[in-house]
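Reader: I keep meeting words for how helices and strands are arranged. Can you show me the structure and take me through them?

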Amino acid sequence: MSYIVLARKWRPKRFAELVGQEHVVRALSNALDSGKVHHAFLFTGTRGVGKTTVARILAMALNCEAGVSANPCTTCAACREIDEGRFVDLIEVDAASRTKVDDTRELLDNVQYAPTRGRYKVYLVDEVHMLSNHSFNALLKTLEEPPPHVKFLLATTDPQKLPVTVLSRCLQFNLKRLSANLIGERLKFIAAAESLGYEAAALALLARAADGSMRDALSLLDQLIAFGGGALNESNARAMLGTIDRGHVTRIVEALSRADGPGLLAQVRELDRDAPDYDRALVDLAALLQRIAIAQIVPETAPQDEDFDAPTLSRLGAAMSAEDVQLYYQIALAGRRDLSMAPEPRLGFEMTLLRMLAFRPDTVAAVVGTASVAAVGTASATASVTGGVAVGAPAALAIDAGTWAAVVEAAGLSGLTRQFALNCVPSSFENDVLTLRLDQPAAERRTRSTEEKLVQGLSKYLGRNMRIVFNVAEGTLATPARQRAAAEQDKAARAAADFEQDPAVKGLRERFGAEVDAASVKPVN
């Protein structure tokens, strides 16, 4: 007995067997059960999602010897012949090979005649967008006013190419791309039904590689059965698809978390021995980073992962800040876009990883600056995530007049809250109570909303609840805002003086009597 490929063997014969197209099944079932079936249907969607399958089931439902219903018997002669593609009243046309107007006219010459055996004569036109304009014109009149015994079922992957006159005469159903999870579950069901042992990770790889197409997934399953001699394991699936082992991806992320450049390049050299698809390698890297981000920020919602176990994701998440993970993810996506322009795919992959090391978010120590590193002490400056709040400050951080400007920047304060904070000066910070001094002008701009935002921002930064006490001081204070303004004025004055002393400027003044507009002179930095 000849072998039947899985895509044909497991092709649905009833609407109930269709996967992921509930919106189409519901509409067609209601129409069939109520007896209100339109004369023309258009099924659209990407390849392998079930357009032709839906059309065949609809043809079966219309011509089943048990009567028109949403549940054809699948066992009568008409149902069997439709399923096998040899029913005389089901005329299947591949529009890609019959694009000429003469072909269409020849096809439509028989529309007026009654069905030979069935209840309806069904025309199933696949890839209908390939018809020529003249063919569409020939079809249009019949499509608008067909005989009562004729149904048109049109399928296409590119509905934009159909004339609006055709679209307006059809009921349109867009079949969705199937999710990887949905495809994976179907593959597990089929593998079990075929008595095939499998690893879940192997079928998950096939489901993702199918890119939304159930037919492609079943073809890949057939290919894996042949490739592995019936062994449906992860290593065979990766070798067949050309994807990299998840251990490589994990080790690359571990090297990134340590900022280990030599170790990172060593992983690339090891990876290159398998001649991988580097674009796919970046896809796998981005997928792992996305899983790490979920484990960091919303661990309670993390789905069960067949590629990476929870301890691995938790360990990698603890080794990197949430900001680093987000940045690496964006760089991986940009690296895919640039890969085609790289001298070699490997070089493009390496540069993407090196870019991740070269561009990293500033840590608290970098923000505070070398002048106040001593105040930070030996506490870690790496942000951790607790309950969705980034905690970037060590518990022993000193907050005083010397570090206040850096603390405001590191806490991420912005807008009016930031301006207000920079016009204050800390006088003490004990037992989670911060005392700020402000002068009269700043006190007049003080609002309850600003105070609350300042307390919230600093509490998040410190990782604990705190309270702020304000004291209004007499006279003016040397606030960070005033110090910054004074520094800018001093810089502008020095720039103006240097400009006045420039030999070229002196020459212009002596020769032409030119005058310098001091207010227009701006420092370069």
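Reader: Is the crossing in which α8 passes α10 left-handed or right-handed?

Author: It is right-handed: that is how α8 passes α10. One thing up front: this is a predicted model.

Reader: What makes α8 oblique to α10?

Author: Take the angle. The axes of α8 (residues 180-193) and α10 (residues 214-227) cross at roughly 45 degrees, and they come within 10 Å. Roughly parallel needs an angle under 35 degrees, and roughly perpendicular needs 65 to 115. The crossing fits neither, so α8 is oblique to α10.

Reader: Which residues of α8 and α10 meet?

Author: On the α8 side, I183, R186, L187 and I190. On the α10 side, M214, A217, L218 and L221. By class, this contact has 7 nonpolar residues, no polar ones and 1 charged. Arg counts as charged, so R186 is the charged residue here.

Reader: Why is α16 called roughly antiparallel to α17?

Author: Again, start from the angle. Helix α16 (residues 322-339) and helix α17 (residues 345-358) pack at about 155 degrees, with axes 9 Å apart. The cut-off for roughly antiparallel is over 145 degrees. The angle passes it, so α16 is roughly antiparallel to α17. The crossing of α16 and α17 is right-handed.

Reader: Where do α16 and α17 meet?

Author: α16 brings Y328, I331, A332, G335, D338 and L339. α17 brings P345, G348, F349, T352, R355 and M356. The residues of this contact divide into 7 nonpolar, 3 polar and 2 charged.

Reader: Now the sheet. What makes β2 and β5 its edges?

Author: Look at the order: β2-β3-β4-β1-β5, in an open sheet of 5 strands with parallel pairing. β2 (90-94) and β5 (171-174) each have a single partner strand, so one side of each is left without a neighbour in the sheet. On average, neighbouring strands are turned by 15 degrees against each other, direction ignored.

Reader: How do you know that β1 and β5 pair?

Author: Count the bridges. Two strands pair if there are at least two bridges between them. β1 (residues 40-44) and β5 have 4 bridges, in the parallel sense. That meets the cut-off, so they count as a pair. In this pair, T44 stands opposite N174 in β5.

Reader: Which helix packs on the sheet, touching β1 and β5?

Author: Helix α2 (residues 22-34) does. Its direction makes about 150 degrees with that of β5.

Definitions and conventions:
Residues are numbered from 1 along each chain as its sequence is written. This is a predicted model: local features need pLDDT of at least 70, side-chain atom pairs count only at pLDDT 80 or more; totals for chains, interfaces and linings use all residues. Side-chain values use heavy atoms; hydrogens and water are left out. Axes are lines fitted to C-alpha atoms, for helices over the stretch in contact, and angles run from 0 to 180 degrees between N-to-C directions. Helices (H or I, at least four residues) and strands (E, at least two) are DSSP runs, numbered from the N terminus. A crossing is left-handed if the near helix is turned anticlockwise from the far one by less than a right angle, and right-handed if clockwise. Contact means heavy atoms within 4.5 Å.
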